[in-house]
Amino acid sequence: MVWELELALFGLLVVSAIVALQLRDLIAAVAALSVYSFMAAALLAMMGAVDVAFTEAALGAGITGVLFIGAISLMHRRSVD
Amino acid sequence: MTEQHDSIILNFVVRVLLVPFIFVFGVYVLVHGEASPGGGFQAGAIVAAGLVLARLTTGSEHGERRISTRVLLWLASAGIGIYVLAGIVPLLAGVNFLDYAALPVEWFNAVAGHERTNRAMGIFIVEVGIFIGVFSVLVILYDHLTERFTDD
């Protein structure tokens, strides 16, 4: 479609993935992962896979964030490695 | 994340404005899943997100939940049961597993007042099963993550 927008979305996707890997605060990492999921959903919608984008937006950006934070609340908030 | 927030604005916005809209949108995605993007899995994820949102604002330590984890477990089993039944009934009629054309659902056309083929009805029944299963399992996951390890 608009290749500049697609390139910008893809850049944000890669940056948010790297940020999610590098962060030591796990709740911030979950937020970065939600950004990653949302960018992936937007990219999939632009490529015409609306069904997959729908699932990615509902599950990746919605439910998994809550589930990850629920899991982090049971352990240490900061990564130690 | 499991205590109640006594903010009237938060309660009103989430429980009166947001969650009913999310539920209606989820059911819309479910019933339009054959013709447009959507379907049982996406609708289940959306409705589960609405239920989890309601649970995040009301908290779990004050009072009983409207839909308890035990009921959700039954619902999840019922969802799988609907799917399996839609597969077994054609098998008993003598055709292949999940061959929707053999499902005895012609009576529904008279009830609904418009014609749908058996195949469309079969797909819809399976999607309802997936919908119930997915939303129950996702909310059960949330319930088990936030409970404070009290054996019941």
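Colleague: Quick one to start. Is Arg119(B) buried, partly exposed or exposed?

Modeller: Arg119(B) is partly exposed, because its relative accessible area is 47%. Keep in mind that this is a predicted model.

Colleague: Noted. Which residue does Arg119(B) meet in a salt bridge?

Modeller: Its partner is Asp99(B). The N to O distance is 3.9 Å.

Colleague: And where do the two sit in chain B?

Modeller: Asp99(B) is in the loop between H3 and helix H4 (107-112) of chain B. Arg119(B) is in helix H5 of chain B. The two residues are 20 apart, and the pair links distant parts of the chain.

Colleague: How many salt bridges does the structure hold over all chains?

Modeller: Three. Another one joins the side chains of Asp143(B) and Arg55(B), at 2.6 Å from N to O.

Colleague: Which parts of chain B does that pair tie together?

Modeller: Helix H5 and helix H2 of chain B. Asp143(B) lies in H5 and Arg55(B) in H2, so the salt bridge ties together parts that are 88 residues apart in sequence.

Colleague: Are Asp143(B) and Arg55(B) buried or exposed?

Modeller: Both residues are buried. Arg55(B) has 5% relative accessibility. The cut-off for buried is under 20%, so Arg55(B) counts as buried.

Colleague: What else does the side chain of Arg55(B) reach?

Modeller: The backbone oxygen of Ile67(B), at 2.3 Å.

Colleague: Which residues is Arg55(B) in contact with, leaving aside neighbours within four places in sequence?

Modeller: Arg65(B), Ile67(B), Ser68(B), Leu72(B), Val139(B), Tyr142(B) and Asp143(B). Asp143(B) is also the salt-bridge partner. Arg55(B) itself sits in helix H2, residues 40-58 of chain B.

Colleague: Switching to chain A. Which residue forms a salt bridge with Arg77(A)?

Modeller: Asp25(A). The closest N and O atoms are 3.0 Å apart.

Colleague: What does that pair tie together?

Modeller: Arg77(A) lies in the segment after H3 of chain A, and Asp25(A) in the loop between H1 and H2 of chain A, so the salt bridge ties together parts that are 52 residues apart in sequence.

Colleague: Buried or exposed, for Asp25(A)?

Modeller: Asp25(A) counts as buried, at 19% relative accessibility. Arg77(A) is partly exposed, with a relative accessible area of 45%.

Colleague: How many helices and strands does chain A have?

Modeller: Three helices and zero strands. Read along the sequence, the pattern is α-α-α. The C-alpha trace of chain A spans about 45 × 20 × 15 Å along its principal axes.

Colleague: What share of chain A counts as buried?

Modeller: 30% of its 81 residues. Take contacts in chain A between residues at least 6 apart in sequence: 63% of them join residues at least 24 apart.

Colleague: What pLDDT does chain A average?

Modeller: 90, and 98% of the residues score at least 70. Confidence in chain A is lowest in helix H3 (residues 50-72), at a mean of 89. Confidence is highest in helix H1 (residues 3-22), at 94.

Colleague: Now the interface. How many residues does each chain give to the contact?

Modeller: Chain B gives 19 residues and chain A gives 14 residues. The area buried between chain B and chain A is about 1,400 Å². Carbon and sulfur atoms give 83% of that area.

Colleague: How many salt bridges between chain B and chain A?

Modeller: Zero. There are three residue pairs in polar contact across the interface.

Colleague: Which helices of chain B supply the side that touches chain A?

Modeller: Helix H1 (8-31), H2 and helix H5 (118-146) of chain B each supply at least two residues. H2(B) gives the largest share, eight residues. The side of chain B that touches chain A divides into 16 nonpolar, two polar and one charged.

Colleague: Last topic, Leu91(B). Where is it found?

Modeller: Leu91(B) is in helix H3, residues 69-92 of chain B. Leu91(B) counts as partly exposed, at 43% relative accessibility. Leaving aside neighbours within four places in sequence, Leu91(B) is in contact with Asn96(B) and Phe97(B).

Colleague: How far is Leu91(B) from Arg70(B), C-alpha to C-alpha?

Modeller: 31 Å, with the two residues 21 apart along the chain.

Key: Residues are numbered from 1 along each chain as its sequence is written. Chains are lettered from A and ligands numbered from 1 in the order in which they are written. This is a predicted model: local features need pLDDT of at least 70, side-chain atom pairs count only at pLDDT 80 or more; totals for chains, interfaces and linings use all residues. Side-chain values use heavy atoms; hydrogens and water are left out. Helices (H or I, at least four residues) and strands (E, at least two) are DSSP runs, numbered from the N terminus. Buried means under 20% relative accessible area, exposed over 50%, partly exposed in between (1.4 Å probe, protein chains only). A polar contact is a pair of N or O atoms within 3.5 Å; within protein, one must be able to donate a hydrogen and the other to accept it, and residues adjacent in sequence count only if both atoms are side-chain atoms. Contact means heavy atoms within 4.5 Å. Buried area is the accessible area (1.4 Å probe) that two parts lose on being put together, summed over both. A salt bridge is a side-chain nitrogen of Lys or Arg within 4 Å of a carboxyl oxygen of Asp or Glu. Ala, Val, Leu, Ile, Met, Phe, Trp, Tyr, Cys and Pro count as nonpolar, Asp, Glu, Lys and Arg as charged, and the others, Gly among them, as polar. pLDDT is the predictor's confidence in each residue, from 0 to 100.
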